[in-house]
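I set out to record what I looked up in this structure, entry by entry. My topics were the overall make-up, the nonpolar cores, the cysteines, the surface and a few pairs along the chain.

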Amino acid sequence: MLKLMKYEIKSVWWLYVTSGALVLAMAGISRLLCLFLTDDPEIMVWRILPYSVSVGLTVFFLLAAFVFANVIPAVRFYQTVLKDQGYLTFTLPVRRSSVYFAKLLTGALGLVFTLLIAAGGVFIAFVGTKAGDVIDGIAEILSIIDLDGIVNGGQIALFIVTVILALLQYLFGTSAVLFCSMCIGQLASGNKLLYSILSYVGISTAASAISSFFSLISQALFIDGLNDNAAVWALDLTSFLQALPPFLITVGCVITANILLKKHLNLE
């Protein structure tokens, strides 16, 4: 599977690098234009416009990079597994599940790369490039989180599990649902794209309904009169119940896609 991942990375690395370079370049331009801002209102009016445009473009490229990072694995999966090239892919001396997980893991690595690029772009454009600025920015973010309440009043193991579930959902959730939807769509005799879209809508709707159900359960945990310790426990359990449904949907999509890949899909 490592060889498959290596081949996949070689095929798409330039796409991630290009989108990342655009983000960092625009962030650098925004930072440079910020140096020319002044308190003089007569001069400021001419300098604020290009700075505002550069900031807007930085945010746009940041969002586009994340969208791109989710689209690339889906396009690669469709082209190399579900289209005619899939006949060649399935002749490789590896299991079909290995092909699937290689593409899923490569997509997750792409998301991690994009997240690091986004963090670098934000610090360059809005925080600064000095180590002290970075440390101050991280400290400000951490100050918002009540870590003492989580550690002292809640169940730390439950908190750690919740964080892990949320992280796995972020890294694999979107790709897993898209892969599964396309596999389901391939079972159709005609108009596979339409069936794939309907499958995606169906899975997303089911996930939303299940999440709403678990959310209602978590809201019921908050009872008037809870002491501080019980309230923190309820908050930890609520976070866990809200993170669990998306994770279960992701696992279900992974299992379903692998089952379908083992069958004779109607490749295009």
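The entries below follow that order.

**Entry 1: Overall make-up**

I noted at the outset that this is a predicted model. I looked up the secondary structure and found nine helices and zero strands. Read along the sequence, the pattern is therefore α-α-α-α-α-α-α-α-α, with helices numbered from the N terminus. I then checked burial: the protein has 268 residues, and 37% of them count as buried. For the surface as a whole, I recorded about 15,600 Å² exposed, with 72% of it supplied by carbon and sulfur atoms. I also looked at contacts between residues at least 6 apart in sequence; 78% of these join residues at least 24 apart.

**Entry 2: Nonpolar cores**

I kept a general point in mind here: in soluble globular proteins, nonpolar side chains tend to be buried together. Which residues have the most contacts inside the largest nonpolar core? I found Phe77, Val81, Tyr100, Cys253 and Leu261, in a core of 34 residues. Helices α1, α2 (41-82), α4, α7 (156-186), α8 (192-220) and α9 (228-262) each supply at least two residues of this core. The largest share, eight residues, comes from α7.

I followed Leu261 in detail. Leaving aside residues up to four places away in sequence, Leu261 touches Phe77, Val81, Phe90, Arg96, Tyr100 and Cys183. I also registered a second, separate core of seven residues, among them Leu158, Leu165, Phe240 and Leu241.

**Entry 3: Cysteines**

How many disulfides does the structure hold? I found zero. I examined Cys180, whose sulfur has its closest cysteine sulfur in Cys253, at 4.2 Å. A disulfide requires the two sulfur atoms to be within 2.5 Å, so the sulfurs of Cys180 and Cys253 are too far apart for a bond. I next checked Cys183, which is in no disulfide either; the nearest cysteine sulfur is that of Cys180, 6.7 Å away.

Are these cysteines buried or exposed? Cys180 counts as buried, at 2% relative accessibility. Cys183 is buried as well, with a relative accessible area of 0%. Both values fall in the buried class because that class covers anything under 20%.

**Entry 4: A nonpolar patch on the surface**

I turned to the surface and located a nonpolar patch formed by Ile9, Trp13, Trp14, Val17, Leu109 and Phe113. Together these residues have about 570 Å² of accessible area. The elements giving two or more residues to the patch are α1 (2-34) and α4 (96-127). Helix α1 provides the largest share, four residues.

I took Ile9 as an example. Ile9 lies in helix α1 and has a relative accessible area of 36%. I entered Ile9 as partly exposed, because that class lies between the 20% and 50% cut-offs.

**Entry 5: Pairs along the chain**

I looked up two pairs of residues that are separated in sequence. Ile124 is in helix α4 and counts as partly exposed, at 26% relative accessibility. The C-alpha atoms of Ile124 and Ala25 are separated by 9.8 Å, with their positions 99 residues apart along the chain.

For the second pair I chose Arg31, found in helix α1. Arg31 counts as partly exposed, at 25% relative accessibility. Arg31 and Phe123 are 92 residues apart in sequence, and their C-alpha atoms are 9.5 Å apart in space.

Conventions: Residues are numbered from 1 along each chain as its sequence is written. This is a predicted model: local features need pLDDT of at least 70, side-chain atom pairs count only at pLDDT 80 or more; totals for chains, interfaces and linings use all residues. Side-chain values use heavy atoms; hydrogens and water are left out. Patches are made of residues with over 30% relative accessible area and no salt bridge: like charges are joined within 9 Å, nonpolar side chains (Val, Leu, Ile, Met, Phe, Trp, Tyr) within 5 Å. Accessible areas come from the Shrake-Rupley method with a 1.4 Å probe; for residues, only the protein chains shown count as cover. A salt bridge is a side-chain nitrogen of Lys or Arg within 4 Å of a carboxyl oxygen of Asp or Glu. Buried means under 20% relative accessible area, exposed over 50%, partly exposed in between (1.4 Å probe, protein chains only). Contact means heavy atoms within 4.5 Å. A nonpolar core is a set of buried Ala, Val, Leu, Ile, Met, Phe, Trp, Tyr and Cys residues joined through side-chain atoms within 4.5 Å.
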